[in-house]
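Reader: Hi! I'm new to reading protein structures, and I'd love a close look at one part of this one. Could you take me through the cavity and then show me a few other places to look?

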Amino acid sequence: MTNLPSIKQLQYLLAVHQHQHFGRAASACFIGQSTLSSAIQTLEETLGCQLIERENRSLMFTAIGEEVVARARKIIDDTLSVRELTKSHLTPLSGKLTLGVIPTIASFIAAPLYHLCQQQFADLELVLVEDTSDSLLDKLEHGHIDMALLALPYDTERFHTQVLAQDHFCLVHHKDYLPAKNIEDFNLLPEASVFLLEREHCMTGHALSACHLNRSSCINPFEAASLHTLLSMVEHQLGVTFLPQMAINAGILANKDMLATPSQSDAYRDIGILWRKTTGRIRDFRLFSQMLESFLKQQCRLTSQE
């Protein structure tokens, strides 16, 4: 029988690649550094080639080593999917499910989603991870989370992506700060009157695109790091902003002298769920997505604000 690498050896190799350090990789694997080094050396002997170049305290993966890492990652993913498949078949939606959520969604749904899962899926341990879109996609690709909830459009081609709800944008302003009545073209708003989040937040790009804001002069150069700061600028009558209906329904304007006016019918962001195409938990993820779709449509429902 052909001598093949073991799953454990491949896991150790991935740990070294992730941490770029034998000591840190050994700690992450809860083993001694000598045990890790010996396993990598045995792996290299089994494959008949050098995967890692070592010099004093530094290391560098060889070209073939990088290719082996890519193949090893797929092998580990496929192996995990086999375990997930059997577990999902025996007890649907049980155990731990780690869901990554971007801040401009998590802020408004985290608590009610936890409560809903406790009511509907008693055997499911839901773990939420709040992070930026790019970081969540990286975590999803490397198996650190099971699913990701993002605002779309976004580059998600390498994952299974399903749109669950449409979250419409509202024009938000202080009740005594009156932009043009019944405005249809938001580019006609006063100069530097539109306040938005930092460009790193995908909600800014979605608002600009959905509301067809293409005249840069109406956008204030100040970029807020948080929704709290953003609303403070609007509350002091310095201008207006755009917020998703999800935030309005969650009560973000409660006890504030601000009004939210639904924008044009096509001004919305899609809310989508993602998972790896190689997962063995498709049955679980589809069941969870059905529940999540109904929940999100309720959170994003259009209501009269004024």
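**A look at the cavity and beyond**

Author: Happy to! The largest cavity has a volume of about 40 Å³. Keep in mind that this is a predicted model. How many cavities of 30 Å³ or more does the structure hold? There is one.

Now let's see what surrounds that space. The residues lining the largest cavity are Leu 196, Leu 197, Met 203, Thr 204, Ala 207, Leu 230, Thr 241 and Phe 242. Three elements each give two or more residues to this lining: β7 (194-197), α7 (202-210) and β9 (241-244). Which of them gives the most? That is α7, with three residues. Try sorting the lining by class as well: six of its residues are nonpolar and two are polar, while none is charged.

With the cavity in view, let's move to a single residue in a strand. Leu 97 is part of strand β3 (residues 95-101). Is Leu 97 buried or exposed? Its relative accessible area is 0%, and buried means under 20%, so Leu 97 counts as buried. In sequence, Leu 97 is 48 residues away from Ile 145, yet their C-alpha atoms are 8.0 Å apart in space.

For a contrast, find Gln 290, which sits in helix α10 (residues 282-299). Gln 290 has a relative accessibility of 55%. The cut-off for exposed is over 50%, so Gln 290 counts as exposed. Here, too, you can set sequence beside space: Gln 290 and Leu 164 are separated by 126 residues along the chain, and by 8.5 Å from C-alpha to C-alpha.

Staying with α10, look at how another helix runs past it. The axes of helix α5 (residues 103-120) and α10 come within 11 Å and cross at roughly 135°. Angles from 65 to 115 degrees count as roughly perpendicular and those over 145 as roughly antiparallel, so α5 and α10, falling in neither range, are oblique to each other. The crossing of α5 past α10 is right-handed.

One more pair of helices is worth finding on your screen. Helix α1 (residues 7-19) and helix α3 (residues 33-47) have axes that come within 9 Å and cross at roughly 110°. That angle lies in the range of 65 to 115 degrees, so α1 and α3 are roughly perpendicular to each other. In this pair, α1 passes α3 in a left-handed crossing, whereas the crossing of α5 past α10 is right-handed.

Notes. Residues are numbered from 1 along each chain as its sequence is written. This is a predicted model: local features need pLDDT of at least 70, side-chain atom pairs count only at pLDDT 80 or more; totals for chains, interfaces and linings use all residues. Side-chain values use heavy atoms; hydrogens and water are left out. Helices (H or I, at least four residues) and strands (E, at least two) are DSSP runs, numbered from the N terminus. Buried means under 20% relative accessible area, exposed over 50%, partly exposed in between (1.4 Å probe, protein chains only). On a 1 Å grid over the protein atoms alone, a cavity is a set of points where a 1.4 Å probe fits but cannot get out, and a pocket is an open set with protein on both sides within 12 Å along at least five of seven lines; lining residues have an atom within 4 Å of a point. Grid points are joined across faces, edges and corners, and a volume is the space filled by probe spheres set on the points. Ala, Val, Leu, Ile, Met, Phe, Trp, Tyr, Cys and Pro count as nonpolar, Asp, Glu, Lys and Arg as charged, and the others, Gly among them, as polar. Axes are lines fitted to C-alpha atoms, for helices over the stretch in contact, and angles run from 0 to 180 degrees between N-to-C directions. Angles under 35 degrees count as roughly parallel, over 145 as roughly antiparallel, 65 to 115 as roughly perpendicular and the rest as oblique. A crossing is left-handed if the near helix is turned anticlockwise from the far one by less than a right angle, and right-handed if clockwise.
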